[in-house]
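Student: Can we work through this structure together? Please show me the chain.

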Amino acid sequence: MHLKSKKQLIKKDKQNIWHPFTQMADWLNNDPSEPLVIDKAEGSYLYDVDGKKYLDGVSSLWVTLLGHRNPEIDKAIKKQIDKVAHTTFLGLTHKPAIDLSEKLLKILPENLTKIFYSDNGSTAVEVALKMAYQYWQFKGQNRSFFLSLKNAYHGDTIGAVSVGGTDLFHAKFKPLLFKNYFAQSPYCYRCPHRKGNVPFPVKADTFKKHSEVMACKGRCIKEAEDILAKHHKNIAAAVIEPVNQAAAGMIVMPKGYVKEYAALCKKYGVLLICDEVATGFGRTGKMFAVEHDNVKPDFICLSKGITGGYLPLAVTAATDKIYDSFLGKYEEFKTFFHGHSYTANPLACAAANATLDILKNDKVIQKLQPKIAHFQKELCSLSGHPKIGNIRHSGVMAGIEIVKDKKTGKAFEYKLKTGAKICTEMRKDGIIIRNLGDTLVIFLHLTMTNKEISKITGSIKKHLDNL
Ligand SMILES: Cc1ncc(COP(=O)(O)O)c(C=O)c1O
């Protein structure tokens, strides 16, 4: 693109647009690292308007599942657009949504039998919270509290924020939020229960078996149990991102943690909501993260990768027990009064149907295992780096926590923006990843090559060496 027209585009962006999760004062002043203006994409790469290509190491914020411009997904959307792009789902239905519900129910845990559609991860969680609350109302119990984990992230709408435990994003909205109990999450590297609160580095491959990790798990589970023992009669549901609290900087849970958390819900008669918006569709190495622990929750929330990362769509899957409780006469007002204009958008459902067909026909998740092993090997080779405090890894997701002092775990000063600066530098190598504070986040799509994976970790090492 001509330099003048690119500058014009950026000028108009800065004049008219407010970007999400962005300090706009920085954005306005961000020359020379001018914003990348993305023009097109193919496979693992995004191309800017100058034709420069960038390896998409963060799957366009965790949505791209099978690479960009997958021919089969492209075709499915084009075919659907010749039929109908959108129709309401209130009182009408359509084949793409019906087909998709059938496909999803075949791969979800078998206790989940009903699919409720919405259009993003936050709404998928809102729906589950409201369904859980109403379920207890129908049973004559007023349970208006939820249990979730510190460091949790379930989205940005007020209900999702209420069960969110990331102070940086959520604390300022406290007066607006509903009541919630928070249990410590197993952020074992900086476990607040640990004597002296001293962080300890663990290699990515030994993480889940480390005795300190197991001790942290025990303390966190006890905290959740103490809350449930005392308050379960007021708690409608417990919410969890199974296996990995992704938005907190990839806080990967110790082996067995999710199973024990789920068992507590059963013991105390509290519903369980598993938010698999980030972890669903193979990201942990299994189709759904709950499969690692054979957990069967009352709800699973899905979005992001469901359409291959093409279009907004979300699902809240529920059990017959929940669904049946809403059945009644019209005048009983037991209807679930919730819906969105774009609920079950046919184009998005067509993309999702194509995505699930590819996952099945191409055996994508089976073929993923050697890639995960390669990724782990690469991460382990970084573990000893003096600027890395902790590496957390699950499937195709990893968080690399950068520290000033490896021995003490002392962080860099926040205002130095160390993590952000490394990401900006990596763009010169043609790689896009994002930071969460000083944790570098890698989120691969499922068909990335080993060579591409090594390119990302190699660039990280180079820029850490330059720190
Ligand atoms: C676990 C989890 N839940 C919910 C959400 C919110 O999804 P959305 O941004 O589509 O509203 C996210 C987004 O990152 C997430 O990681």
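Tutor: Short questions and answers follow. This is a predicted model, where local features need pLDDT of at least 70, side-chain atom pairs count only at pLDDT 80 or more, and totals for chains, interfaces and linings use all residues. Residues are numbered from 1 along each chain as its sequence is written.

Student: Which helix gives the most to the shell around the ligand?

Tutor: A residue is near the ligand if its C-beta atom, placed from the backbone, lies within 6 Å of it. In total, 14 residues surround the ligand. Helices here are DSSP runs (H or I, at least four residues), numbered from the N terminus. With three residues, the top contributor is helix α6 (residues 121-138).

Student: What is the order of the strands in the open sheet?

Tutor: Strands are DSSP runs of E, at least two residues long, and two of them pair if DSSP finds at least two bridges between them. The edge strands, each paired on one side only, are β1 (38-42) and β15 (431-432). Two bridges join β3 (residues 53-56) to β15 in parallel. The order is β1-β2-β3-β15.

Student: In β15, which residue is the bridge partner of Asp 56?

Tutor: Strands of a sheet pair through backbone hydrogen bonds, either parallel or antiparallel. β3 and β15 run parallel. In β15, the partner of Asp 56 is Ile 432.

Student: Which residues does Ala 237 touch, not counting those up to four places away in sequence?

Tutor: Contact means C-beta atoms, placed from the backbone, within 7 Å. With that rule, Ala 237 touches Ala 132, Phe 146, Val 270, Leu 271, Leu 272 and Ile 273.

Methods
Contact = placed C-beta atoms within 7 Å.
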